[in-house]
Amino acid sequence: MNYGYFDDQNREYVITNPKAPVKWINYVGTLAFGGFVDHTGGALICKGDPALNRITKYIPQLPDSDFKGATLYLRFKQGNGYKVFSPYSVPTLDPYDLYECHVGLGYTRIVSEFYGIRTDVTIFVPVRDSRLIRDIKITNLSDQPMEIDVIPVVEYTHPDALKQFTNADWVPQTMQSRVYGDEKGLKILIQYPFMYRETRINYFTSNHPVSSFESDRKRFLGESGYGSWANPLSLQEAELSNYEALRGDNIAALLHHLGEIQPGETRRIITQLGQEESVEKALPLIRKYRDEESVDEALRNLARFWDDYLSKMQVETPDPSMNHMLNVHNPRQCYTTKNWSRYLSLYQPGLGARGMGFRDTSQDVMGIITHIPEEGKDLIRKLLHIRKRDGSAMHQFNPLTMVANEGDSREVEGAPRYYGDDHLWIVLAITAYLKEAGEIAFLDEVIPYYEKDEAGNPIESGTVHDHMERAIKFTRHNVGTHGLPLLGFADWNDTVNLKPGAESLIVANLYGRALLEMIELARYLEDTESVEGYTAYYEEMKRRVNEHAWDGEWYVRYLDVDGTPLGSRSNTEGQIYANGQSWPVISGFATPERAAKALDSVYRRLNTRKGIRLSTPGYKGFDPRKGGVTTYPPGAKENGGIFLHTNPWVIIAETIVGHGERAFEYYSQINPAAKNDRINEFECEPYVYPQNILGDEHPQFGLARNSWLTGTASWIYQAATQYILGIMPTYEGLQIDPCIPGKWDGFKVTRVFRDAVYQIEVKNRDHVCKGVKSVKVDGQEIKGKIVPIFGDGKTHRVEVIMGEEVEKR
Ligand code: NOJ
């Protein structure tokens with residue numbers, strides 16, 4: 001069973017059945033202006049901040065058949081009234097002859113045929129000019145002339161998205177709409193909460209004369225609001241009521257009479273939804289985007305943006321599902337997580353104070369650094385602004401106000417107010433930027449720490465390098481009785497909240513990984529003193545991890561304040577954790593023998609054919625001493641579910657020890673593109689990774705949720721491109737060291753790096769998993785496997801022959 005197919009030529013996924021198991025969405029625009037559009041045309045749009053400046057009301061919890069945020073109605077005369085239907089299927093749910101939702105790069109295009117009318121709507125936000133455009137083309141497919149009316153509709157929310165739900169008195173008293181008549185019968189319907197009347201207005205307009213409009217939901221639905229979105233009674237009247245709402249539930253509906261359309265004839269209407277300080281300010285661009293050519297050009301610009309973004313890395317492997325994901329969908333998802341962090345999706349509805357996560361965004365940066373390193377640097381800067389002077393980090397922040405907070409730790413009295421891991425991720429993000437862009441001077445840029453004086457000015461600033469050093473220092477000085485780093489409120493696993501004093505093994509290993517980065521950087525900077533210092537810290541932590549955390553067959557995951565391990569044979573539940581095994585390999589702390597044993601234990605104890613579980617067995621009931629993890633039933637999310645973010649770490653670890661077959665098996669078993677033909681079990685979009693899949697302890701094993709905004713995007717992209725295909729930026733050049741299935745004959749990659757194009761062909765005639773026998777650059781054999789930096793804007797051919805390594809021979 002499937003609901004659509006991949007169209008590689010157009011870089012789209014095409015949904016052919018509107019009744020997908022859950023809403024499948026796509027993102028348009030960026031956090032500056034944009035949001036998501038679902039596959040039946042619903043839209044959640046905001047400007048600058050989903051929590052504080054939301055424009056459309058989209059309630060994910062309503063049934064999928066309901067109106068959400070926006071729709072489009074068409075009608076034609078029938079009997080004494082009108083046949084009204086939505087070409088998006090929802091909310092009228094009429095039978096269709098054709099339904100296609102093209103999930104494109106930054107746009108969604110819905111093409112449908114109902115009652116002899118073909119509607120083709122492209123929905124997108126232009127690259128720079130903030131507005132949601134719906135470019136609507138209507139064709140009469142019948143053999144008779146048809147009179148068709150077109151009625152696009154949006155429903156507004158109060159900009160304070162949470163207040164919309166928590167205050168049903170204040171909100172409706174403040175919401176107002178007014179019409180602004182423009183040239184040639186064109187109209188702009190504006191909407192605002194009273195307090196923003198002079199400063200911030202939403203507008204909805206089109207490029208076709210409007211014969212009437214409605215701005216009040218009750219009147220639109222009819223019969224005091226007892227009409228429905230499926231059958232709005234006002235659309236049975238010749239005209240809408242032209243009512244300018246003074247309060248209540250505000251909508252914008254514009255009625256356009258297209259007149260008689262001849263058989264085969266196509267008409268086009270363009271609508272715009274946006275927000276500006278005033279109508280006057282909005283007018284120049286509104287007029288620009290009423291012009292069809294401007295809209296066509298904006299769409300071409302969007303395509304150019306994506307061409308450029310994706311051109312930085314394109315692959316040709318023997319696996320079509322891997323190609324779908326690596327050439328289009330995975331880097332697109334990385335761009336999406338970079339834009340929205342965990343702030344706006346069907347599952348993370350962007351209400352209240354969540355904002356952007358320090359840990360999440362640091363990891364998201366690593367997913368886009370190949371494609372848009374400059375934007376990565378900007379995000380790193382933002383993140384450093386919420387670093388504390390002691391080296392720790394605030395947990396999350398609001399991107400508009402830059403006000404940060406300590407996350408869920410605030411809700412638990414007496415709990416530590418920091419997360420053990422947050423501050424360390426940024427070290428990895430910074431070195432990823434430096435290696436990609438080569439801009440070592442960034443280390444000297446001065447960025448203030450978060451703490452402010454009474455006047456609101458930062459108390460202290462430090463260079464980027466100083467920020468990195470303090471991150472290391474914080475972990476070094478905040479250790480527990482075994483000398484292992486303190487957990488704080490939680491580490492990467494937000495849901496295990498142990499009593500203060502507990503120690504975390506993922507933090508220990510992340511610290512180890514961050515130290516490796518510091519050592520490599522210091523070596524590059526020829527700072528021998530730092531190399532020695534950091535190497536000593538590294539060895540010290542390596543010793544402690546191996547002394548206190550080895551459990552015989554695998555590493556434990558935490559030590560409680562009284563020294564009791566979690567993730568150990570001695571536990572009856574939560575005996576083994578995936579992160580407990582992958583990270584000692586990634587940090588290099590595990591000895592070869594222990595690495596092999598630990599990874600084998602993952603394969604035996606944690607792997608399922610649908611992904612690797614986070615831990616096993618699941619906790620069987622709520623236990624306040626462990627915290628949030630025990631609020632989930634066994635098999636769900638962090639409690640023994642397949643929490644996908646952790647899978648790429650195991651893949652990376654497997655490539656480090658040279659297991660190309662197993663790494664690829666793990667990669668393929670979670671590839672959503674490969675699930676396209678059995679999607680009924682998985683349910684989520686086959687073109688993006690979800691955050692979680694129910695594990696085998698749950699009766700609905702295989703069911704995915706929380707698609708799009710997950711650290712899986714960045715890490716699976718890194719795992720596939722840098723570790724399986726092995727194309728890894730370094731300070732000295734582009735290293736090529738693949739770890740692939742032995743049966744592959746090879747693969748090709750085009751990679752843009754430091755202003756040159758590397759056209760790489762890897763040949764695997766000896767059918768090994770790992771090992772580079774020789775590398776030729778532009779026909780000349782080079783020593784080692786790091787291809788030099790050219791920076792000459794030219795294309796260079798790189799031929800890599802896999803086999804037994806030269807040094808080993
Ligand atoms: C989701 C959070 O966004 C992420 O930061 C965290 O690591 C995972 N949950 C695991 O708990």
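How many bridges join β14 to strand β15, and in which sense do the two strands run? The structure examined here is a predicted model. In this model, 4 bridges link β14 to β15, which spans residues 201-206. The two strands run antiparallel. One residue pair can be named: Gln191 has Asn202 of β15 as its bridge partner.

Strand β14 also pairs with β13. β13 covers residues 175-181. The pairing of β13 and β14 is antiparallel and extends over 7 bridges. Within it, Arg178 has Ile190 of β14 as its bridge partner. β13 and β14 form a hairpin, with 5 residues between the strands. In this hairpin, Lys184 adopts a positive phi near 50°. Strand β14 itself comprises residues 187-193. This strand is mostly covered, with 6 of its 7 residues buried. In a regular strand, side chains alternate between the two faces of the sheet.

A further sheet was examined later in the chain. This open sheet has 3 strands, in the order β32-β33-β34. Its pairing is antiparallel. The edge strands are β32, at residues 642-643, and β34, at residues 704-707. Each of these edge strands pairs on one side only. Strand β33 consists of residues 690-693. β33 is joined to β34 by 3 bridges, and these two strands run antiparallel. Asn692 has Arg705, in β34, as its bridge partner.

The whole chain was then considered. The protein chain holds 18 helices and 42 strands. For 809 residues, a compact globule would be expected to have a radius of gyration near 28 Å. The protein chain has 28 Å, so the value agrees with that of a compact globule. Along the principal axes, the C-alpha atoms fill a box of roughly 85 × 60 × 50 Å.

Burial and contacts were also computed. Of the 809 residues in the protein chain, 63% are buried. Contacts with a separation of 6 or more were also analysed by distance along the sequence. Of these, 65% are between residues 24 or more positions apart.

The surface and the charges complete the description. The protein chain exposes about 29000 Å². Carbon and sulfur atoms supply 48% of this area. The chain carries 91 positive and 109 negative charges. The mean positions of the two sets of charges are 1 Å apart.

Key
Residues are numbered from 1 along each chain as its sequence is written. This is a predicted model: local features need pLDDT of at least 70, side-chain atom pairs count only at pLDDT 80 or more; totals for chains, interfaces and linings use all residues. Side-chain values use heavy atoms; hydrogens and water are left out. Two strands pair if DSSP finds at least two bridges between them. The radius of gyration is taken over C-alpha atoms; the globule rule is 2.2 Å times the number of residues to the power 0.38. Buried means under 20% relative accessible area, exposed over 50%, partly exposed in between (1.4 Å probe, protein chains only). Contact means heavy atoms within 4.5 Å. Accessible areas come from the Shrake-Rupley method with a 1.4 Å probe; for residues, only the protein chains shown count as cover. Lys and Arg count as positive and Asp and Glu as negative; His and the chain ends are not counted. The place of a charge is taken as NZ of Lys, CZ of Arg, CG of Asp or CD of Glu.
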